[in-house]
Amino acid sequence: MDLLTGILVSLVVAATPLVFAAIGELVVEKSGVLNLGVEGMMIIGAIAGFAATIETGSYVPGLLAAMLAGALMALLFGVITLSLLANQVASGLALTLFGLGLSALIGQPYSGKSAGAFPHLYIPGLSDLPLIGPLVFGQDGMVYLSLAVVAGVAWFLHRTRAGLVLRAIGENHDAAHAIGYPVVLYRYAALAFGGACAGLGGAYLSLVQAPLWVERMTAGRGWIALALVVFAAWRPWRTVAGAYLFGGVTILQLHGQGLGLKIEAQYLSMLPYLATILVLVLISRSRTVAPASLGKPFHATT
Amino acid sequence: MTRSSDHPLLVLEGISKSFPGVKANDNVSFTLGHGEIHALLGENGAGKSTLVKMIYGVLQPDAGSMHFNGEPYRPRKPSDARAHGIGMVFQHFSLFEALTVNENVALGISPELARDNLAARIVEVSDYYGLKLEPERLVGTLSVGERQRVEIVRCLLQNPRLVIMDEPTSVLTPQEVETLFRTLRRLAEEGCSILYISHKLEEIRSLCDTATVLRGGRVVATTTPAQETARSLAEMMIGTALAAPKRAETAIGPVRLALDGLRIRSDQAFGIDIEDMTLEVRAGEIVGIAGVAGNGQVELIEALIGELRADRADAILIDGKPAGWLGPAARRRLGLASVPEERLGHAAVPDLSLADNVVLSAEVRQELAPGGFINSGKVQTFAQSVIDRFNVKANGVGAAARSLSGGNLQKFVVGREVMQEPTVLVASQPTWGVDAGAAAFIHEVLMDLASKGAAVLVISQDLDELFEISTRIAVIAGGRLSAARPVGELTIEAIGLAMGGKGGAEGSGAHA
Amino acid sequence: MLRLLPRREPSRAMLYLTPFLAVALTMLAGLALFALLGKDPFEAIRIIFLEPLMTLNGLSELTVKAAPLILIATGLAIGFRAGIWNIGAEGQYIMGALAGGCVALAVYPAGGPWLLPLMCLAGAAGGIAWAAIPAMLRTRFATNEILVSLMLVYVAIQFLSAMVHGPLRDPDGLNFPESRLFQGGATVPVLAAGKRAHVGFFFALAAVAAGWVLLGRHIVGFQIKVLGQAPQAARFAGYSERRLVWITFIISGALAGLAGLFEAAGPVGQLVPALPAGYGFTAIIVAFLGRLNPIGILLAGLLMALTYIGGEAAQIAMSLPSATTSVFQGMLLFFLLASDVLVNYRLQFGRASAGSAGKKR
């Protein structure tokens, strides 16, 4: 594999966990809920996926466990914010802090173990093509899954009635309630989906990208995913564009030396975070279109 | 549409509903016939909204029974009501600004109905009933009147047997009201029944076949409105005869508030820009600003308070001093007091005590925080004096603002401003959603303030209110202001035309 | 069936009771957690919550851990009250330590009574400088301060690492990534010989007192509360959001920077990559547990410090995993947020009415 192919492939690997986490959070925010606990759900997904894969020796239960664990975390957030009406910002922070701690606790016996290489797609002939082969026909299955999820979300939000209801709830939950839609139920469902996606994103880190378990291995990716949703102006395919852009920034630190950059590793490691800030500044100058009920508590009073 | 002549369409028997601390409906019964336009008449807080929400399945009654077309009717959710052919047009529209007309309609009807060529059917129905709509437009870009059409069309697409309308005319120009009434009469002729909620007596007299009058959650009368006078209906609704306050003839003094070519760019997604507004308000005057909601009233009051800054310092003059670039506190120092439309969250902080809430706007003129430290003794004394002088029913100065009823909180907010003896007072919808007693009290306070030499500006959608208290009235439409004219020279029709954006100041003058 | 009925006014009693309820619930959940881990739950609780209080050394350590938590949480609470979410205190803490430490290293080996005050000023300034970035971006471009302040934590961690790997590395050391040990005049005075408790705790107490006066008596504190509860009312009153964003970020940045400096010039005594110990994040829990009230934060900070020290003791005595403490802290915050509902709502059991409860609007 030449350098360019290597860079592009690792770009996709760096971007995919962000795609999962961001598309999940996009659905959550479209329903009017701001879950700042993506980082916590991702890290729980990372350890749950890793542990289940090690214990069963198979990826399928691992990925299912990651989704389930992420969804459970999200439902915990749901109970506190939707049923008990706590502040969403504070609860999201709590979810992250709790997730980081709990994952470290669960993960202790697993540090130092390796999950082995995740299988990649291989189509004889096609996958051997230069550049296009490894990039289009030679990725791991999770990459294709992540894009399928985005396509599914785009279709759901704009082509189905349930998607329309979800968007309506995010725009004006009081009106949606008055018409008779179950606001809280939809939001729980959206949260569970968002949690499952974040869990998958975390599992991608521990099973595909690393592939091993390290405490705090999400390293702020959950927060970057949150920024990506804003960057994407709540449009599904734009989260993919954003994630791949960030993937590009991230791999600078991997390939910086190879590209001949004479900069300390630490400064290259800052880049994704600085890029996030830069992007946030650039998009906040344009008028954004956040769902109007985003982050507001809903209690059916009449 | 099946029709059973044996049974009335809807019968309510002994319906009761309580909320913590309030009995919203107490043993309410009435009967609604096929093709009947039936008024539910009552003051704010009489229990009208609660009652129709039970009919529409949003709430469930604690006691009593309902029959629809002779069958027991017990809706658990709005879709049950819709399945029976009941549609509702809400007072505060249940619309989604960021979605299109098409999507908004689809959300309010059953999935089967929403499926095929909905847009074409929207156009068809809206044309038939004279309610023009474009299916692909975002609702956020529509005027209030157009939004109501979306709600009505949404209702009509379901071939309803009963349409409930909650205060539908409070947001319409007089001409739009006429159009709406034609639509409703046409519907009734086709056999659809209409339950029409209002506290506007003349409307009910001209439109409705029967009226059920609610007071304090109980039915106090069922009557034929055409055979009543507005006065007799009002007495049923309020219980006691209200003496309309008399406007005292006061000497008109110098200009205290002047707008000179005011322009404001709205910072909101679906806001209205204010264009070239010019107006003078003199000492002793009450100038009313009429208009349909969403025509720049919000921006205008914010520009007057100082929340939005004008493009030029001398676009707003308070007692001759340029104030366009000043913030709210500096304007208060010049003698301006203000009452924004929204009581909770804008004029008052819901969870803070009444004492804390006086600090909000009275700190500057009453010197409540000398040297930056809040003088709590002085604050409490001032708050208590507002409560005493304005008859605010509250659990002391420590009561949270949100624990007060709408009327009492509004009296407190108006009192807080008036007690500061302002030379200019601007108020938006000062009696919106308050009971008749509080409204009359507030009108009196405003007129009293003007008679003592203050300049008063009142922005309101309620034409009756403006005609009652104003000396001159101007009309706001599309972010522009017509010239203010003395009340004696104006007719409701002329104002209505200006509210619809037809004919500027000069044009409406020719009609008047 | 459980229903929530809104109270007409927030319950003051519940406001003060719920933190205790949350602590009690956390203890119960903790018992279950320890049992699950196969440890004697009551022994664990005893080691964590009682043992540190029994010895002078334990009490000394309590103030060492509580001081940064209280300092940071007081600053954060002032911002949180205004709805301004600085959650990057960890980064401001690092930059404060770095700025203050640089002053000491720059004049090394000189010292004198002037040095420590100068370091404190530099520490506060470092924290303010780092906090000024999200403040500036929010006021200039309306950029979300949550994400910006958080991203800057990761940047600060990398920056500290780059510094101690590079320019600040101890020239006489063994090439470890750490600075020199600070000279004598550049360390924070301890309160008792042989103990680590230092004067930073008094600064924390002073911050609590000042925060209490600011929020309870001063007009700026009042403006902060109004902005947080009803932004539109703050506009009506004429309070400048831009000014309050700056004030709260400057206060919280300064206190976090100071906390970082005290840590570097106190128990640690040099600049090391492991300096950020998560105080900036734990302080968020402390701020909420203390009800965003400085007096409450004082108590909450002491309690949280106790879980740190007790947690460490339990790790050694019972070989509990080190992450137990942070799980504990996370649960505490969850229980607190969940029990918050009791402040504004009454719970009603029974009658499974499908109708939604509530008072009429």
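Visitor: Among contacts in chain C between residues at least 6 apart in sequence, what percentage join residues at least 24 apart?
Guide: Please keep in mind that this is a predicted model. Looking at chain C, we set aside pairs under 6 apart in sequence and ask which of the remaining contacts join residues at least 24 apart. The share is 79%.

Visitor: How many helices and strands does chain C have?
Guide: Chain C has 361 residues, and 57% of them count as buried. Its secondary structure includes 2 strands. The helices in chain C number 14.

Visitor: What is the radius of gyration of chain C, and what does the globule rule give?
Guide: The C-alpha trace of chain C spans about 75 × 55 × 30 Å along its principal axes. For 361 residues the globule rule gives 21 Å, and the value for chain C is close to that, so the chain is as compact as a globular protein of that length. The radius of gyration of chain C is 22 Å.

Visitor: Now to chain A. Which pattern does it follow along the sequence?
Guide: Chain A has 0 strands and 12 helices. Reading along the sequence therefore gives helix after helix, since a pattern is built from DSSP runs. The pattern is α-α-α-α-α-α-α-α-α-α-α-α.

Visitor: What radius of gyration does chain A have?
Guide: The C-alpha trace of chain A spans about 65 × 45 × 40 Å along its principal axes, and 54% of its 302 residues count as buried. A compact globule of 302 residues would have a radius of gyration near 19 Å, and chain A agrees with that. Its value is 19 Å.

Visitor: How many residues does chain A give to its contact with chain C?
Guide: On the other side of this contact, chain C gives 42 residues. On the chain A side, the elements that give two or more residues are α4 (88–107), α10 (221–231) and α12 (265–285). By class, that side divides into 27 nonpolar, 12 polar and 2 charged residues. The contribution of chain A is 41 residues.

Visitor: One of those elements is α4(A); is it largely enclosed or exposed?
Guide: The helix α4(A) has 20 residues and reaches 27 Å from its first C-alpha to its last, close to the 28 Å expected at 1.5 Å a residue. Of its 20 residues, 18 are buried, so the rest of the structure leaves α4(A) largely enclosed.

Visitor: Which element gives the largest share of the side of chain A that touches chain B?
Guide: This contact takes 15 residues from chain A and 20 residues from chain B. On the chain A side, α7 (161–171) and α8 (173–179) each supply at least two residues. The largest share is 6 residues, and it comes from α7(A).

Visitor: By class, how many residues of that side of chain A are nonpolar?
Guide: The side of chain A that touches chain B has 4 charged residues and 3 polar ones. Its nonpolar residues number 8.

Visitor: Let us move into chain B. How many residues of strand β3 (residues 37–41) are buried?
Guide: B:Ile37, B:Ala39 and B:Leu41 point one way from β3(B), while B:His38 and B:Leu40 point the other way, and all are buried. The strand is therefore largely enclosed by the rest of the structure. The number buried is 5 of the 5.

Visitor: In β9(B), which residue is the bridge partner of B:Ala39?
Guide: β3(B) pairs in the parallel sense with strand β8 (residues 193–198) over 5 bridges, and there B:Ile37 has B:Ile194 as its bridge partner. β3(B) also pairs in the parallel sense with strand β9 (residues 210–215), over 4 bridges. In β9(B), the partner of B:Ala39 is B:Ala211.

Visitor: How many residues does the largest nonpolar core have?
Guide: The residues with the most contacts inside this core are B:Ile164, C:Ile70, C:Ile72, C:Ala283 and C:Ala287. Helix α6 (residues 145–165) of chain C supplies the largest share, 16 residues. Beyond its neighbours within four places in sequence, B:Ile164 is in contact with residues including B:Val52, B:Tyr56 and B:Leu195. The core has 399 residues.

Visitor: Finally, why does B:Pro322 count as partly exposed?
Guide: B:Pro322 lies in strand β15 (residues 321–322) of chain B, and it touches B:Ala313, B:Asp314 and B:Leu317, leaving aside residues up to four places away in sequence. A residue is buried at 20 or more other C-beta atoms within 10 Å and exposed at 12 or fewer. B:Pro322 falls in between because its count within 10 Å is 16.

Notes: Residues numbered from 1 in each chain as written. Chains lettered and ligands numbered in written order. Predicted model: local features only at pLDDT ≥ 70, side-chain atom pairs only at ≥ 80, totals over all residues. Contact = placed C-beta atoms within 7 Å. Nonpolar A, V, L, I, M, F, W, Y, C, P; charged D, E, K, R; others polar. Rg over C-alpha atoms; globule rule 2.2 N^0.38 Å. Pairing = 2+ DSSP bridges. Core = buried A, V, L, I, M, F, W, Y, C linked by C-beta atoms within 7 Å. Expected span 1.5 Å × (residues − 1).
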